[in-house]
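Open the model in your viewer and keep the sequence panel visible. The stops below say what to select and what is there.

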2 protein chains.
Amino acid sequence: MAEINLDRLFNPKTIAMIGASANPRKWGFIILLNILKGNYSGKVFPVNPKENSILGYPCYPKLSDIPEPVDLAIITTPATAVLPLMDECGEKGIPFAIVITSDFSETGAEGAALERRVVAGARKYGIRLVGPNSMGIFSSKTNLHAQMPPLMPLHGSISMFSQSGNLGVQMLGWGAEEGVGFEKFVSSGNEGDLSCADYLRYFGNDQSTEVILGYLEGVDPGMNLVPVAREISLKKPIIVYKGGRTAAGGHAAATHTGAMAGQYRIFECALRQAGVLEVMTSQALLDCGRAFANCPLPAGNRVGIITRGGGWGVITVDACEENNLKVPPLPDEIVKKLDSHLPKYWSRGNPVDLVATIAHDPYLDCLEILTEWDGIDAVIALGAGRRLPNYPYSKEVKGPQPLVDAIQMASLYIDDHAKKPDWMLEGIGKLIERTGKPIIVVSIGPEASHRSNLYEFHVVSYPTPERAVRVLWQMYRYRRFLDAHVGS
Amino acid sequence: MAEINLDRLFNPKTIAMIGASANPRKWGFIILLNILKGNYSGKVFPVNPKENSILGYPCYPKLSDIPEPVDLAIITTPATAVLPLMDECGEKGIPFAIVITSDFSETGAEGAALERRVVAGARKYGIRLVGPNSMGIFSSKTNLHAQMPPLMPLHGSISMFSQSGNLGVQMLGWGAEEGVGFEKFVSSGNEGDLSCADYLRYFGNDQSTEVILGYLEGVDPGMNLVPVAREISLKKPIIVYKGGRTAAGGHAAATHTGAMAGQYRIFECALRQAGVLEVMTSQALLDCGRAFANCPLPAGNRVGIITRGGGWGVITVDACEENNLKVPPLPDEIVKKLDSHLPKYWSRGNPVDLVATIAHDPYLDCLEILTEWDGIDAVIALGAGRRLPNYPYSKEVKGPQPLVDAIQMASLYIDDHAKKPDWMLEGIGKLIERTGKPIIVVSIGPEASHRSNLYEFHVVSYPTPERAVRVLWQMYRYRRFLDAHVGS
């Protein structure tokens, strides 16, 4: 299967918005607004015979009235209007169209027949279609937010295709809140024409894409997904979440995208052999994206753990051992080096337990010693990025003046502390660069993952050790795949 | 094993703070400050021969100088000073002491010997000890924040014991951010005297505790944990996270609390037979706490799913089927009822897919029909509590005035929308009450779980469907245990 160059789809210079609407409750309005407010770098031409202008932009009665060549048509008309539009697009020489419109193969035989006719109509002119039943695309290079929800993804090096629009766009939104940035995104809809295999191949050869995420429901054997994946995963990691793994889930998928879920076990096996990393939760998809985009791969499966609390260290060891990662004991020479930074009663083992030291300073010193030790390939740094959560130090406590003063002082200390870990993260970032080993930070609790400064320093953080371990395991799996298949 | 009444430990009228300090970097200062700023309802007496007053409170040179009876001693002195203090406590008639001090059995044979002598010293007077090496306790009734970190847990009906101080207190802090409230908490430390079995039994008979969480590392067969658990779990759910499941994890646990991790498989089996629910991640511990404290149990394992997006529905079905929950198809009569609320092309199945309806109204109507259907025992409501995330609708976009106006309008709409779901949650709360069925809300993304209004309406929400399904599965397991062992 040859690659289809999708540059003009993802980074068009000109867009025709067919079905543009002046009604704020119509997708033809909302998507246009999203494009315009997103500071899209190209030009948009609203097309609607009933309006003179929409959102202050002149409206064109027909495609042929647009005075310039058009790279991309976005279609939000009713389903019955889509077929005749293919001729208009073809005559205008438009190479790509995104069909947002639903009510095609996902609704049954009648819709499927209409979908086939639309695709045949497009093929006559060589037009390639996204969808129908797509929620749109995003592209960071041209600031193109041609999608249904009003979201503004962070920019990054992850590209994603999704056979579920909702799941996909919510990953973008969730990523924006957690500091995970995207390069390109496509909601592939019913895949009447372009399929996830086409997007996968394109992302695979796209210089700006370093990591590929995918949500899959149905895979048509004809689309050759596995050989494409095999080729691409030698170049960059592909992480996939598969919906419709069970019979009941597969049935739900069939009524949703019109796709057949296929035999999951066979599929799973084929993807694994192709080097694709499968995750089992939506959270893990984003978690993996974050780490693969920001962290070097570990050379092996030996993990060093550093912690501020014994219990967290224990469960991190358990999670490692249960996920094919090893936590080797410390040799004497490393113990000796750590001795000079830690109280005499420290545990002298891996995990390195800082035993409730309050200051930050020993943490970075110990982390450095641990990371530089050649007996490990990766580090999980528990509590490294920690800011003290904003525990409500009430200023309204009644009591003697020294108590009131102390509460105020403590509040200031906590506020101050909360601003501090930037230099820690900077230190960790440098340590990763120097050693080439991944250091995964764990900051317990929900606030940890929102922090933009983590993103800034390219330090990867998760709110629980179990999530960090699962990600590290996936990185190790990918490393093994590369070691086995790519010459050094 | 008889129950030990721990009322005066958790809800003391008077506390002696032995080792109270005027140095803000000492635990004897920090814990005292936490107690005082937490508005503790009783009296605290700082004890320190070198100070006249601390934080504005008069300081007593010795315990015997305190003019009132003392319920609880909190000890933060160096380890070597603890043994002689037992005599002083005994002579003062103090029934409970919390030994925060570390450097006991967790550091080796010498520390273990000292610990045994301290416990023997306490036994002479009938003093019961928490710790040593404890991070303290919390109790909502007396507003007692006798713990090392400066946290203010939410009040609720969950009580927790933890063999890891850090893991335990961070659950409290995390809970405060996610709206999960606690009744009592104890960091059991090395368990030189009182053990988790004692706390478990006490919580089991405590009227204010509805759900018990526990973090366990080492379980001494002599402490009779399993028979106690068996008795208590007939009355209220016990959810446990076990650290030291693997050989390496068990080794780390031994150097941490001085406990032996034991044979995990045997332990796991015994706990399961005793009706204890084991979770496999720290996140799941809090997730379960939230649901068991706020939701009725399902009568069976049949789940109805309602969703705003097909893909999320598909992966929810998969997660259900993979966790022994069933997603039965809808009978005609329910389809008919739903027909009148949904567009004609809706999928007519379970999951009920709202097919991108923008308004909230059909959601609650459809949820009601689904929940009231006698073919299901529980509902997972995807996107019910959703507020549109605060996508940055930049007001600085340059463009024609109608565009600028539309962006402002859209911002207002989103802001307004974000405030709205309260009435949805109120409706869901009432529906749960009326039907007696659990409805678990899923709001994708990290912001969802922080919302205090969820807490207010006793509606339980998670940021991913997979987490919701795991919780529902635990609730179903507990229901089966009760059905098998409790007469109706």
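Start with the whole of chain A: of its 488 residues, 65% count as buried. Keep in mind throughout that this is a predicted model. Along the principal axes, the C-alpha atoms of chain A fill a box of roughly 80 × 60 × 40 Å. Colour chain A by secondary structure, and 17 helices and 19 strands appear. Among the contacts in chain A with a separation of 6 or more, 76% are between residues 24 or more positions apart.

**Both chains**

Now show chain B as well. Chain B is superposed on chain A by a rotation of 180° with 0.0 Å of shift along the axis, at an RMSD of 0.0 Å. The two copies are thus related as by a two-fold rotation axis. Of the interface residues of chain B, 100% are also interface residues in chain A, so the copies meet through the same surface.

**The parallel sheet of chain A**

Select strands S2, S1, S5, S6 and S7 of chain A. In that order they form an open sheet of five strands with parallel pairing. At the edges stand S2 (43–47) and S7 (128–130) of chain A; each has a single partner strand, so one side of each is left without a neighbour in the sheet. On average, neighbouring strands of this sheet are turned by 20° against each other, direction ignored.

Zoom in on S1 (residues 14–18) of chain A, which runs parallel to S2(A) and is joined to it by five bridges. Which residue stands opposite Ile18(A) in S2(A)? It is Val47(A). Next add helix H3 (residues 82–92) of chain A, which packs on the sheet and touches S1, S5 (72–75), S6 (96–99) and S7 of chain A. The direction of H3(A) makes about 165° with that of S5(A).

**The loop after S7 of chain A**

Follow chain A on from S7 into the loop between S7 and S8, where Pro132(A) is found. The peptide bond joining Gly131(A) and Pro132(A) is cis, with omega about 0°. Asn133(A) lies in this loop between S7 and S8 too. Asn133(A) is not a glycine, yet has a positive phi of about 70°. With a relative accessibility of 22%, Asn133(A) counts as partly exposed, since the buried class ends at 20%.

**Strand S11 of chain A and its partners**

Select S11 (residues 182–187) of chain A. Is this strand enclosed or open to the outside? Six of its six residues are buried, so S11(A) is largely enclosed by the rest of the structure.

Two partners are worth showing with S11(A):

- S8 (residues 136–139) of chain A runs antiparallel to S11(A), with four bridges between them. Gly136(A) stands opposite Ser187(A).
- S10 (residues 155–162) of chain A pairs with S11(A) in the parallel sense over six bridges. Met160(A) has Phe185(A) as its bridge partner in S11(A).

To get from S10(A) to S11(A), the chain passes through helix H5 (residues 165–178) of chain A, and this β-α-β crossover is right-handed.

**Onward from S11 of chain A**

The loop between S11 and H6 of chain A holds Glu191(A). Glu191(A) also has a positive phi, about 55°, although it is not a glycine. Its relative accessible area is 12%, so Glu191(A) is buried.

Past H6 (196–205) of chain A, stop at Gln207(A), in the loop that leads to S12 (211–216). Gln207(A) counts as exposed, at 77% relative accessibility. Display Ser157(A) together with Gln207(A): they are 50 residues apart along the chain, and their C-alpha atoms are separated by 9.5 Å.

Further along, the peptide bond from Asn350(A) to Pro351(A) is cis, with omega near 15°. Pro351(A) sits in the loop between H12 (332–339) and S16 (352–353) of chain A.

**The nonpolar core**

In soluble globular proteins, nonpolar side chains tend to be buried together. Here the largest nonpolar core has 234 residues. Those with the most contacts inside it are Leu9(A), Tyr199(A), Leu225(A), Leu9(B) and Leu225(B).

Finish in chain B by selecting Leu9(B). What does Leu9(B) contact, leaving aside its neighbours within four places in sequence? Its contacts include Leu72(B), Phe96(B), Val130(B) and Tyr199(B). Of these, Phe96(B) has Arg128(B) as its bridge partner in S7(B). The strands concerned, S6 (residues 96–99) of chain B and S7(B), pair in the parallel sense over three bridges.

Note on methods
Residues are numbered from 1 along each chain as its sequence is written. Chains are lettered from A and ligands numbered from 1 in the order in which they are written. Side-chain values use heavy atoms; hydrogens and water are left out. Copies are superposed by least squares on the C-alpha atoms of residues with pLDDT of at least 70 in both. Contact means heavy atoms within 4.5 Å. A nonpolar core is a set of buried Ala, Val, Leu, Ile, Met, Phe, Trp, Tyr and Cys residues joined through side-chain atoms within 4.5 Å. Buried means under 20% relative accessible area, exposed over 50%, partly exposed in between (1.4 Å probe, protein chains only). Two strands pair if DSSP finds at least two bridges between them. Helices (H or I, at least four residues) and strands (E, at least two) are DSSP runs, numbered from the N terminus. Axes are lines fitted to C-alpha atoms, for helices over the stretch in contact, and angles run from 0 to 180 degrees between N-to-C directions. A crossover is right-handed if, with the strands pointing away from the viewer, the path from the first strand over the helix to the second runs clockwise.
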